[in-house]
Amino acid sequence: MSYKFWLIRFSIVFVAAFIVIAGAQYLKSQNTIFALTQAVIWAPVAAAVYLSVLVYKFRRNPLCFIRDNKPKS
């Protein structure tokens, strides 16, 4: 797998976690700065854990893993 594949996965999870964490903190009646601070702190942690699990699964059995959408040449 290319670095682009892993970077895209990390970015998607980072953005999703950021939105969910910030939204949850804001809905708990926290101020906006606190909600964004918590999202900035915890979104990279969540994305790193997710990416670590993906790398672990890939190294255990690379044949049964999601493939890049590259055309075969």
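## Close-up views of a two-helix model

**View 1. Ser29, an exposed loop residue.** Ser29 counts as exposed because its relative accessibility is 68%, and the cut-off for that label is over 50%. Please keep in mind as you look around that this is a predicted model. Ser29 sits in the loop between α1 and α2. Its backbone is worth a look too: the phi angle of Ser29 is near 70°, a positive value in a residue other than glycine. For background, most residues other than glycine have a negative phi.

**View 2. The whole chain, for orientation.** Before going further in, here is the overall picture. The protein has two helices and zero strands. Of its 73 residues, 21% are buried. Among contacts with a separation of 6 or more, 63% are between residues 24 or more positions apart. The exposed surface comes to about 5800 Å², and carbon and sulfur atoms supply 68% of that area.

**View 3. Gln25, a buried residue of helix α1.** Gln25 belongs to helix α1. Is this glutamine buried or exposed? With a relative accessibility of 14%, Gln25 counts as buried, because the label applies under 20%. Leaving aside residues up to four places away in sequence, Gln25 touches Gln30, Phe34, Ala35 and Gln38.

**View 4. The largest nonpolar core.** Which residues make up this core? There are five of them: Phe5, Trp6, Leu51, Leu54 and Phe58. Two elements, α1 (3-27) and α2 (32-60), each give two or more residues to the core. Helix α2 gives the most, with three residues. As a general point, nonpolar side chains in soluble globular proteins tend to be buried together.

**View 5. Trp6 and Phe58, an aromatic pair between the helices.** The count of aromatic pairs in this model is four. One of them joins Trp6 and Phe58 in an edge-to-face arrangement, with 5.8 Å from centre to centre and 70° between the planes. Trp6 lies in helix α1 and Phe58 in helix α2, so this pair ties together parts that are 52 residues apart in sequence. Both Trp6 and Phe58 are buried. Ring pairs also bring in Phe5, linking Phe5, Trp6 and Phe58 into a cluster. These three residues are also listed in the core shown in View 4.

**View 6. Phe10 and Phe14, a stacked pair within one helix.** How are these two rings arranged? Phe10 and Phe14 form a stacked aromatic pair, 6.3 Å centre to centre with 15° between the planes. Both residues lie in helix α1, four residues apart, which is about one turn of the helix. Phe10 counts as partly exposed because its relative accessibility is 26%. Phe14, at 28% relative accessibility, also counts as partly exposed. Both values fall between the cut-offs for buried, under 20%, and exposed, over 50%.

**View 7. A nonpolar patch on the surface.** Here the focus moves to the outside of the protein. Ile41, Trp42, Val45, Val49 and Val53 make a nonpolar surface patch of about 440 Å². Val53, one of the patch residues, lies in helix α2. Why does Val53 count as partly exposed? The label follows because its relative accessibility is 42%, which lies between the limits of 20% and 50%.

Terms used. Residues numbered from 1 in each chain as written. Predicted model: local features only at pLDDT ≥ 70, side-chain atom pairs only at ≥ 80, totals over all residues. Heavy atoms only, no water. Core = buried A, V, L, I, M, F, W, Y, C linked by side-chain atoms within 4.5 Å. Buried < 20%, exposed > 50% of the residue type's maximum accessible area, 1.4 Å probe, protein only. Contact = heavy atoms within 4.5 Å. Areas by Shrake-Rupley, 256 points an atom, 1.4 Å probe, with all protein chains shown as cover. Phe/Tyr/Trp six-rings, centres within 6.5 Å; stacked < 30°, edge-to-face > 60°. Patch = residues over 30% accessible without salt bridge, like charges linked within 9 Å, V, L, I, M, F, W, Y side chains within 5 Å. Salt bridge = Lys/Arg side-chain N within 4 Å of Asp/Glu carboxyl O.
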